[in-house]
Amino acid sequence: MFDTKTVSAQWGGKTLTLETGRVARQANGAVLATLGETVVLCAVTAARTVKEGQDFFPLTVHYQEKFSASGRIPGGFFKRERGATEKETLTSRLIDRPIRPLFPEGFYNEINVICQVLSYDGENEPDVLAMVAASAALTISGVPFMGPIGAARVGYVDGAYILNPTLEEAKAGDLDLVVAATGQAVMMVESEAKELSEEIMLGAVQFAHKACREAANLIIDLAEKAAKDPWEMAEQADLSTAKDKLKKLIGKDIAAAYKVTDKSKRSDLLNAARAKGKTAFADASPQDQMAAGKLMKKLEAEIVRGAILKDGTRIDGRTTTQIRPIEAMVHFLPRTHGSALFTRGETQSICTTTLGTRDAEQMIDGLNGLSYENFMLHYNFPPYSVGEVGRFGAPGRREVGHGKLAWRALHPVLPTKEEFPYTIRVLSDITESNGSSSMATVCGGSLSMMDAGVPLKRPVSGIAMGLILEGKNFAVLSDILGDEDHLGDMDFKVAGTSEGITTMQMDIKIAGITEEIMGKALAQAKEGRAHILGEMAKALDHTREELSAHAPRIESFQIDKSKIREVIGTGGKVIREIVAQTGAKVDIDDEGVIKVSSSDPAQIEAAIKWIKGLVEEAEVGKVYDGKVVNLVDFGAFVNFMGGKDGLVHVSEIKNERVEKVSDALTEGQEVKVKVLEIDPRGKVRLSMRVVDQTTGEELEDTRPAREPREGGDRGPRGPRRDGDGGRDAGGNGGGRDGGGRGPRGEGGAGRDGGDRGSRGPRRDGDGGRDAGGNGGGRGPRRDGGGQGGERAPRAERTEGDKAPEFAPAFLTGDRD
């Protein structure tokens with residue numbers, strides 16, 4: 001049933017397999033690419049006819065990640081894949097950029113390239129695999145594609161290059177670089193680096209190019225087995241006569257226009273020349289008119305490129321290495337946390353930096369699960385920036401791509417979350433554009449973050465390089481204009497610090513560039529970046545030490561993980577109360593790291609004090625601030641250290657006697673207390689009288705010693721059952737004054753007011769009890785004297801009398 005063709009090869013220590021003939025057989029070309037357990041399907045379809053009036057190449061690339069590929073169900077309300085995510089958009093551009101230049105000029109048939117991730121193993125990234133699959137599908141489809149290309153990702157760890165590193169290896173290393181190339185030349189570069197030198201970056205591109213050749217050779221092996229017959233291309237009409245006609249008619253006008261340095265005036269002159277050319281073909285057929293329009297663009301390119309290669313004269317009069325005038329200023333907007341206005345020639349960006357707390361992080365739902373990003377950079381390109389009318393709304397693919405490029409340039413110099421626990425959002429609004437607005441975003445974004453107080457490792461600048469290549473002659477252009485971008489052969493952007501490169505992006509409009517050209521472009525870009533950094537330093541050469549008054553402050557500290565529950569409380573009750581009462585935001589993670597944020601330092605201080613009070617242990621002898629939370633007859637309960645309560649006994653409120661607690665204290669009153677004692681159950685005894693209630697200083701205890709009780713001090717208490725001293729309730733002699741307590745079971749003397757004799761047995765003692773002042777022994781409970789008189793003795797038990805068998809031992813006297 002299936003006519004399956006398969007090829008495999010070892011690639012970076014893993015098996016790369018390309019298969020066709022089993023899936024999506026009705027597409028012009030379909031390839032199932034497998035690396036490890038990551039599987040990507042790419043299907044290519046092409047229209048056989050060209051739409052009437054079509055004058056551009058309608059190539060559309062779609063890359064889609066299926067959540068089922070990693071065994072996940074999409075989060076949120078809608079449980080199916082919806083609009084393209086940022087990663088899907090960026091990967092679609094990654095595939096589009098190297099294949100678009102490899103279609104022949106004049107080919108205007110619509111083509112769809114659709115790549116879908118069907119399986120993801122968490123190690124082998126599907127974006128590079130999708131690029132290989134797309135190249136293979138195009139190669140076997142029969143459409144006029146001058147490929148194939150290969151693609152590879154390169155990491156740099158401990159001084160060594162790694163082919164197709166895992167996500168963890170790429171994060172741990174100093175480089176994440178993706179290259180697409182034919183067997184002969186590099187077509188596309190995308191990267192993020194941690195301030196690496198030009199030599200290391202060039203070496204990484206060469207290393208990747210070798211891997212690209214291996215992938216391209218495998219695609220050729222598949223094409224030899226399964227390629228469809230190539231399409232027959234219609235012969236291109238001979239337009240040399242029309243071209244000569246236009247050159248004689250408007251050639252001088254175009255040359256004169258490109259000598260005008262002002263963009264607006266130059267555009268007006270060029271539009272006049274183009275209108276003059278269209279008039280010459282007004283009576284021609286629509287096809288000839290469209291061809292004439294293409295010829296005018298070619299004529300412009302020849303004039304501009306020839307002038308540059310011949311005498312080094314550029315459109316605006318600069319040399320090939322000269323940078324346009326730069327004007328930078330910071331604190332451009334008064335209420336933002338950080339802002340900068342960066343202008344280079346006729347390119348301008350307003351960049352603002354906003355600082356937020358952890359709850360402002362961006363949640364990303366992808367194949368690797370939920371993740372959170374604390375650095376965002378958003379780029380906007382309104383139509384007025386180029387003096388045009390047009391669509392204004394949600395960002396398109398180009399805006400997403402330019403924003404990500406600037407993100408990659410700035411990301412390597414950001415502080416860690418531990419060093420700077422803020423969520424950072426940089427917004428770039430392009431207000432003028434004539435070349436390299438993404439690099440203006442890098443420069444303005446760096447300045448705005450420094451203005452906001454973000455401690456960058458070093459400032460970052462960026463520059464766009466161009467290329468004019470005719471045969472073996474070439475010229476590398478620094479800081480290209482928009483027209484030089486459109487009419488040139490390369491758009492090569494490099495950003496970095498004084499120490500090295502942080503990002504490098506290259507797009508080619510020809511069939512690739514050589515190592516020599518790339519090396520010269522990198523060296524020339526280094527000089528340009530250094531010049532731009534010097535101009536930026538005139539506006540601000542260091543990060544501000546203080547945050548904006550409008551930015552939130554974040555204070556972090558660590559608590560014991562066992563105390564997390566006390567801070568959060570049941571159902572979050574405690575942490576919600578802290579937020580409501582103090583006005584500060586409180587965030588706590590599973591490791592016990594607490595971040596408290598607010599634009600008001602007093603709110604932060606109050607929240608931190610509250611939290612530390614919840615988790616700290618009270619110290620005996622230490623003075624604390626507290627608040628009276630409850631009044632009782634015997635004292636007041638005071639809340640101190642955030643969530644702890646202690647008792648201030650009525651005797652510890654003041655040195656003088658306090659008859660009624662409410663006369664001295666009120667609920668909610670702020671007081672200062674000293675911890676006197678913490679019992680084994682954690683109950684805290686506090687004192688106010690030994691603390692100065694104004695200054696909080698500890699006072700000397702001036703209260704006189706407690707007067708002795710009437711009748712003398714209590715002596716030590718004797719044994720309960722078998723002591724032999726009596727108990728003197730007064731002040732003389734026995735009982736409590738130095739004497740031991742007599743046993744309960746054997747009676748002694750009676751109790752005489754102040755003199756309490758030994759206590760006789762409960763049932764059969766031999767002395768009565770005098771409730772007045774002169775007493776003998778204690779009599780029995782049941783019979784004996786009345787109130788105030790002598791209590792009758794208990795009935796004595798003779799030897800013959802026996803207690804009932806059920807009587808307890810203490811009644812029988814038989815305890816031994």
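Student: What makes the contact between helix 1 and helix 2, and which residues meet there?

Tutor: In this predicted model, Thr 91, Leu 94, Ile 95, Pro 98 and Ile 99 of helix 1 meet Asp 127, Ala 130, Met 131, Ala 134 and Leu 138 of helix 2. By class, these residues are eight nonpolar, one polar and one charged.

Student: Why are helix 1 and helix 2 called oblique to each other?

Tutor: Helix 1 (residues 86-99) and helix 2 (residues 126-141) pack at an angle of about 40°, their axes being 10 Å apart. Angles under 35 degrees count as roughly parallel, and 65 to 115 as roughly perpendicular; the pair is therefore oblique. The crossing of helix 1 and helix 2 is right-handed.

Student: Why are helix 13 and helix 14 called roughly antiparallel?

Tutor: The angle between helix 13 (residues 573-582) and helix 14 (residues 601-615) is about 150°, with the axes 9 Å apart. Since angles over 145 degrees count as roughly antiparallel, helix 13 and helix 14 therefore receive that description. Helix 13 crosses helix 14 in a right-handed manner.

Student: How do you know that Cys 443 is too far from the closest cysteine sulfur for a bond?

Tutor: The closest cysteine sulfur, in Cys 351, lies 8.9 Å from the sulfur of Cys 443. A disulfide requires the two sulfur atoms to be within 2.5 Å, so the separation is too far for a bond. A search of the whole structure finds zero disulfides.

Student: Why does Cys 443 count as buried or exposed?

Tutor: Buried means under 20% relative accessible area. Cys 443 has 0% relative accessibility and therefore counts as buried. Cys 212, at 0% relative accessibility, also counts as buried.

Note on methods
Residues numbered from 1 in each chain as written. Predicted model: local features only at pLDDT ≥ 70, side-chain atom pairs only at ≥ 80, totals over all residues. Heavy atoms only, no water. Axes fitted to C-alpha atoms, helices over the stretch in contact; angles between N-to-C directions. Helix = DSSP H or I, 4+ residues; strand = E, 2+ residues; numbered from the N terminus. Left-handed = near helix turned anticlockwise from the far one by under 90°. Contact = heavy atoms within 4.5 Å. Nonpolar A, V, L, I, M, F, W, Y, C, P; charged D, E, K, R; others polar. Buried < 20%, exposed > 50% of the residue type's maximum accessible area, 1.4 Å probe, protein only.
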